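Subject: A structure for you to look at

Hi,

Here is the structure I promised to pass on. Have a look at it first, then read my notes underneath.

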Amino acid sequence: MLTHINQYAVMFYILFWVIRINGCIRRGRQPLLRGKEWFFNVHVQPDFYTGEGRKILHRYWMRMLIPIAVDIPLAIAIFWSGRLLLLNWLILGLCALIHINHSYSVDLAERQARPFAVPEAEQPVASVALSLTPRRLRDYSNPRFERVLAISTVLALAWLVRYYFAAPAHHNLRMVFGAPVILLYLQLGLLWVKRVVVAWRTPVPQEQASEHLEAREETRKHYLLVCDVHRAAATAGVLFWPIELSLSPASFDSVITAWLAFWLVFTIAGTVWLEIRRKQLVKIALRTRPVKLPDLLRQSEIARWPVCYQPSAPMLMLKGAHGYSLNLANTLTYLGAAYMAGLVALFALLRMGR
Amino acid sequence: MLLTIDTNDPRPIYQQVADGIKELIARGKLAEGASLPPVRQLAADLGVNLNTIATAYHELQKDGLIVVKHGSGSVVASLTSTERSHDELVRPLRTALTELVLAGLSSSKILSMVVRELSTVGKESK
């Protein structure tokens, strides 16, 4: 049984590498997506790529390799130890590292390129617009989909309760309810992320306002869909848990193999879909001309990085002198920290019961 | 339903926010009872100081255009409930007309300008 799960952990890890190669190529092309006159969203001088720009670009490409440099020794250690299930945790950690590293890297590269920008392009636009059109989570939710998720969760939990009370002396409470509770907690987190994505607004330049708003709306819908796909996956996990617990030893191996194979296919299909969708979003984003927005809060004077405390500036992230800084005076920061603390506490509780 | 801020505009930002919301109310885009974003949220969205939005909302409240409900945010007040005297209503009109006269515009030009602006506002209001 364990051999099969280990095999799938290795397969997922290999798949993760394949996906990353594609991601590396995509991120590598990102600075030049708008053509040779641009470096990401900075309108650069014509000789940029023959001079200092070349070095900035190379440094950006080198920074993209940081997650690989972290990954290889850790993966070797995991394979050496034989605890192959740790590969799943490695994948999760690397996903976070790749995104944080990329965001930081893009911001740093743009800041390095700014001194070589076309001077007129570096002037912030004078007029910005903010859409006040009300947006509610329910406007971006599919009631049928939500009903299916709710019914599936209730059914799975009812089944688990029945399973547990059928022989409470033989079943461990944490073993029966642990995984579903974690998955439900993740569901809750995803719902909260959806709410934040729906409420998120930023000003757009008044010139080309409709194009910018369209690009943001499409991006918003994309991230909400990604959240829903993950919520569906979490619900499928909750639904499968009582099935897994009720399996006879004879059928366990084959059902688990089928289940993991399904997820492997789902991951491959999901990755392909995500790439297609990303290309569509890039096409829409390229219709908008990047501009510098006015710094109404003098954020660029904030020297603290990567965290700061600015109670009068209610944003989550502030673009300070050294890049984006997490504002500790924001409610979302507190809620995010409380959520992560809850997740750690939940894992600790479940481990204690082993 | 766009709220615009122009850094070249001589008016302070809080005034631009207040005037922008007033315009949206006048055009009927923010109907009676419509919720306004909370002060903190609007300040975060626009990237301005909390006090800027708080001052703008205070001005709108003073003019009787919004009702601030503690704990549940602000909503657009009923336009008929604004108990403002004739003098209070005429004063901003007189100020605007004085500026146009001082800018050297003829009465007929000012009148056509007023009619055009009024029709723009009226067209979009209910």
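At what angle do helix α3 and helix α4 of chain A pack? Before the answer, keep in mind that this is a predicted model.

The angle is about 170 degrees, and the axes of the two helices lie 10 Å apart. Helix α3 of chain A covers residues 66-81, and helix α4 of chain A covers residues 86-113. Angles over 145 degrees count as roughly antiparallel, so that is what we call α3(A) and α4(A).

If you want to find where they meet, look on the α3(A) side for residues including Ile66(A), Val70(A), Leu74(A) and Ile78(A). On the α4(A) side, the partners include Leu87(A), Leu90(A), Leu94(A) and Ile98(A). The residues of this contact divide into 12 nonpolar, one polar and one charged.

Now for chain B. It has five helices and four strands, and along the sequence they come in the pattern β-α-β-α-α-β-β-α-α. Its C-alpha trace spans about 50 × 35 × 25 Å along the principal axes. Of the 126 residues in chain B, 21% are buried. Also, take the contacts in chain B between residues at least 6 apart in sequence: 48% of those join residues at least 24 apart.

Next, the sheet, which uses both chains. It is an open sheet of three strands in the order β4(A)-β3(A)-β1(B), with antiparallel pairing. Strands of a sheet pair through backbone hydrogen bonds, either parallel or antiparallel. The edge strands here are β4 (204-205) of chain A and β1 of chain B, and each of them pairs on one side only. Five bridges join β3(A) to β1(B). To find your place in that pair, look for Ala129(A), which stands opposite Thr4(B).

Those two strands turn up again in the largest nonpolar core, which has 30 residues. β3 (127-131) of chain A supplies at least two of its residues, and so does each of β1 (2-6), α1 (13-26), α2 (39-46) and α3 (50-62) of chain B. The residues with the most contacts inside this core are Ile21(B), Ala43(B), Ile53(B) and Leu60(B). Leaving out residues up to four places away in sequence, Ile21(B) touches Leu3(B), Leu30(B) and Leu60(B). Apart from this core lies another one, of eight residues, among them Phe39(A), Val42(A), Val44(A) and Ala109(A).

That's it from me. Have fun with it!

Cheers

Notes
Residues are numbered from 1 along each chain as its sequence is written. Chains are lettered from A and ligands numbered from 1 in the order in which they are written. This is a predicted model: local features need pLDDT of at least 70, side-chain atom pairs count only at pLDDT 80 or more; totals for chains, interfaces and linings use all residues. A residue is buried if 20 or more other C-beta atoms lie within 10 Å of its own, exposed if 12 or fewer, and partly exposed in between; C-beta atoms are placed from the backbone. Two residues are in contact if their C-beta atoms, placed from the backbone, lie within 7 Å. A nonpolar core is a set of buried Ala, Val, Leu, Ile, Met, Phe, Trp, Tyr and Cys residues joined through C-beta atoms within 7 Å. Axes are lines fitted to C-alpha atoms, for helices over the stretch in contact, and angles run from 0 to 180 degrees between N-to-C directions. Angles under 35 degrees count as roughly parallel, over 145 as roughly antiparallel, 65 to 115 as roughly perpendicular and the rest as oblique. Ala, Val, Leu, Ile, Met, Phe, Trp, Tyr, Cys and Pro count as nonpolar, Asp, Glu, Lys and Arg as charged, and the others, Gly among them, as polar. Two strands pair if DSSP finds at least two bridges between them.
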